[in-house]
Amino acid sequence: MRGYEKAIVSEALGSTRSVHMLFKGARMEMILDLLVARSEERVVIIGAPAVIIDYLARRQKAREMCSEAGTVPKQGPTSLLALFKEAHDLPETLATHEPSRKPANRKPAKLEKLEKARKGKQNPRMTTINDKTPHRDRVYNGGRCVFVSERIFFTDILTESFTSKAGTRVIYLLGDSFLHSSPSIRDGVLFGVSCSISVFYIHSSTVTLSEIISSASIPSKGIFMYPIFNKNVDRTISRFPVNEVRVVLGSSRTIIQAELCNLLEKLDKFPGHQQFTKYIDRVGWSLRAALEMVYSSNMEKFLFFFQQITSDTANHRALEEIYGRVSDENEKHFRYRNCLMWLNHCSIETILHVVEQMSLSEKQSLKEKTVDGLIRKYSDCTLFFFQQNSHDLAQCHPKTAKSACMLRRVFKYLSRKKNPHLVLLDHPIEILRRALIYKSNWLGRNVDIAISILPIKGSIKETEFLSSITEEKNAFTTGIGIKSNRPATIEKKDFVIDPANSNGRVLSIDLHETRASLPVYLIKHFNGLVKFNFSGLKHGDYVANGTYFIERKRIDDLVVSLKNGRIIKQLKSITHFYQDGYLLIEFTELTRTMSLLKYAENNFVYLNLNNQVVEIIRNNPTVKIFFSNSEKASSMLIDYLLKKPSKPESSQTAPAPTKLDIDVENTLKAIPEMTDRILASLLSHYNTIFEIATSTQARLEAAVGKTAGEKIFRFFN
């Protein structure tokens, strides 16, 4: 597989619209490094993880220092590397700095001197998503390479901060090895980009090759697959010339493994799992960690961990952390009884019984025993035990090198040792393929590094490894069929924000709606027919022709909005200034049956949704409610409003105040700890519920007291 990176880069730069299906374990950082160095276009890279960005940053920094040291002359324009800083506690950002071209040689003394001189310099300039359009234009148009997340890039396309011009190439990374991709945003990016685009795709269960080809309108001549250079896909994908040290699972561990798998399978089938998704996900993660400990930990540690995750106290604490504390014990039992039913499953008792018996006699894990045997067997070799997953390092053998360094550095270290031998304690297909690539590279330098893996016979990990090979093999076979049946040329219609034949039809969409699938459906359905305006709207989520305001609520979001009163404030805000308003209630894919009653029953919603919706209609007579179960149905309402002529602007004066009626009094009584005294005080100071919902906290505290005023303000805000 040596040299395939150059072939991939050459084919990517030679195509206007292309998709490159790579095998798992491909050295994507080297491909991008070559592509940026060889491309004469500006490059925008979407979806690159921090590991790849750091690698390219180090490469570009070394080139820059070598260039300034005089080891290589500067050629052509100075390249620009824009680093995407991804941190959970910071907003999504773009950063820029100026590196230069690839060096021919290195001079360590001069590099050290330059590095010391650079220590006092400032950090790269940061550009946030809230920056003004001219500044963001300079980021995209001022340099040669920009790293960006797909959400920021999609927003920049819609707000025209990024314009598809000649001389710009977009690189889109899709697969489990890269940043998470949202289906709707991915579809929008592939549809909205009009310049050259190259998609690098590694097989994943979340996205298929056919979806990418369809969304990006890629012809057959733009579809490339690797390992296409070896002709025989089966042999190329499943060939692993390594030593196998077979580990026997044992009858007791087989029973524990089977019961854990049975528990994981039953977990999603318990009643109420849709309502407690976060809790179920946490339990599933804990059970999968326990399954990993079956192979890499002794039974004493496993018993302690399993007792912790199956105790009533720990699970009630987890529920309170996620969904809040419940003071009443009876209410707590009634609310959480369905999601805690898995604790009564017979598999838990079986696992505890088997583990307690094993813990009396077993003091070492399977991997520890195997590692001890390998150390005795290869006493004359330099052994290096490598394990990828950080959560497994605690269960490694004490004599193993618990290194989190890159596999490339491991091979560089072993190349200087006598009789080097690499043992992969964990061998997912990506790590195994990379190890074989590095082995082949060092073999060309007359350095033979032996590689061994530890497959556990009869384990779930072995099954997953074999199934991943089969899935990847089938994906390549399917891709070959798609390529053979795809037309040689396909014309793609460019996305136009402001078409000439819009006939005065304007659709304004709030930027927060870009996370949903409806805006992508609308820009594809109304492309060239409607003028789009994406911005932060003060009222509503969609505005047709400037006068018809639509508030979109997914059914689960509607339930939350009814509980905290947010929907009341939003609808009153629309009707107060614009009189007419529309409430679009969307049912998700899992709840295609448009029934409020059935949704409440199936999701354990302790709220009369029918009565709540009726109250909305009675208190907001100018608001019209529509129900939808698909993007097509929702677009029909928007299409109907776009065809209506726009109304003249209202004076935006408040309607004549009217006293609060009995229905609104009942609504206010839903506020926690609302008493008759506080309600009477509100009636004497306010005329409409809109005044209460939009009132300041200081005015509410002056009317009903500090404590009650703060609670009412938080209820509506």
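**Close-up views of a predicted model**

**View 1. Four strands line up in an open sheet.** In this predicted model, the strand order is E10-E14-E13-E12, and the four strands pair in parallel. Strand E10 (243-244) and strand E12 (382-386) each have a single partner strand and stand at the edges, so one side of each has no neighbour in the sheet. As background, strands of a sheet pair through backbone hydrogen bonds, either parallel or antiparallel.

**View 2. Here is the pairing of E10 with E14.** Two bridges join E10 to strand E14 (residues 450-453), in the parallel sense. To find your way, look for Glu-244, which stands opposite Ile-453 in E14.

**View 3. Helix H16 lies across two strands of the sheet.** The helix covers residues 366-377 and lies across E12 and strand E13 (420-424). Relative to E12, H16 runs at about 160 degrees.

**View 4. Ser-217 sits in a loop.** The loop lies between helix H8 (209-216) and strand E9 (223-225). Is Ser-217 buried or exposed? Ser-217 counts as buried because its relative accessible area is 16%, under the 20% cut-off. Beyond its neighbours within four places in sequence, Ser-217 is in contact with Arg-17, Arg-486, Ile-490 and Lys-492.

**View 5. Step back to take in the whole protein.** The protein has 30 helices and 21 strands, and 50% of its 717 residues count as buried. Among contacts with a separation of 6 or more, 77% are between residues 24 or more positions apart. The accessible surface comes to about 35,700 Å², and carbon and sulfur atoms account for 52% of that surface.

Technical notes: Residues numbered from 1 in each chain as written. Predicted model: local features only at pLDDT ≥ 70, side-chain atom pairs only at ≥ 80, totals over all residues. Heavy atoms only, no water. Buried < 20%, exposed > 50% of the residue type's maximum accessible area, 1.4 Å probe, protein only. Contact = heavy atoms within 4.5 Å. Areas by Shrake-Rupley, 256 points an atom, 1.4 Å probe, with all protein chains shown as cover. Pairing = 2+ DSSP bridges. Axes fitted to C-alpha atoms, helices over the stretch in contact; angles between N-to-C directions.
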